[in-house]
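Please look over the model shown here, and then follow the account below, which moves from single residues to a pair of helices.

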Amino acid sequence: MFVKKTMDELERKSVAEMKAGEKHPVILILDDVRSMHNVGSTFRTGDAFAVESIFLCGYTPQPPHRDIHKTALGATETVHWQHFTNTIDAVNEARSKGYKVYAIEQAHNSIALQDFSWNTAEPVAFVFGNEVSGVQEAVMELADGCIEIPQWGAKHSLNISVTVGVVLWELMRRH
């Protein structure tokens, strides 16, 4: 028989504990993402996987906002974030901190997600693109690589918040 865990049994960390706690050396870069729900979901997933930071770029919505909070459920308080006027500045910032940068995009010569190997001692930043146009070409030119999630359906498209979850799960499950 299965019984749901209580909140006490889940041992949820406080905001202070999360801020002070150990993080995975991962930055999520959102490149002109339109949807506040995608932004909120990215925060929530970033919290679940204890990422280092989220970089919100261009016109990507920023907290505080009711629609971001609706899906983030407080994760905007537990995950460090900052805004950049453009994504190239965010990529350069990540690089200056020693992060390798990978675009998550369907592209020629991309690495299939399941074939991407990550040395946990090496910090990584993942760029997730706009819901319609994807990662900007100029940003892809700066990337150290491009990672693609294999897909078999007719749409060949995943929502950004789903993509963030798939990428982080695959990355963490192997490490």
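Contact here means heavy atoms within 4.5 Å. This is a predicted model, in which local features need pLDDT of at least 70 and side-chain atom pairs count only at pLDDT 80 or more, while totals for chains, interfaces and linings use all residues. Residues are numbered from 1 along each chain as its sequence is written, and side-chain values use heavy atoms, with hydrogens and water left out.

T87 lies in helix α5 (residues 87-96), where helices are DSSP runs of H or I with at least four residues and strands are runs of E with at least two, numbered from the N terminus. Once neighbours within four places in sequence are set aside, T87 is in contact with I29, D31, D32, C57, V127, Q136 and V139. T87 has a relative accessible area of 2% and therefore counts as buried, a term for values under 20%, computed with a 1.4 Å probe on protein chains only.

V26, in strand β1 (residues 24-31), is likewise buried, at 0% relative accessible area. Not counting residues up to four places away in sequence, V26 touches V51, E52, S53, Y99, W118, V124, F126, L168, L171 and M172.

L168 also appears where two helices meet: N38, S41, T42 and T45 in α3 meet I160, S161, V164, G165 and L168 in α7. The residues of this contact divide into three nonpolar, six polar and no charged, with Ala, Val, Leu, Ile, Met, Phe, Trp, Tyr, Cys and Pro counted as nonpolar, Asp, Glu, Lys and Arg as charged, and the others, Gly among them, as polar.

Conventions: Buried < 20%, exposed > 50% of the residue type's maximum accessible area, 1.4 Å probe, protein only.
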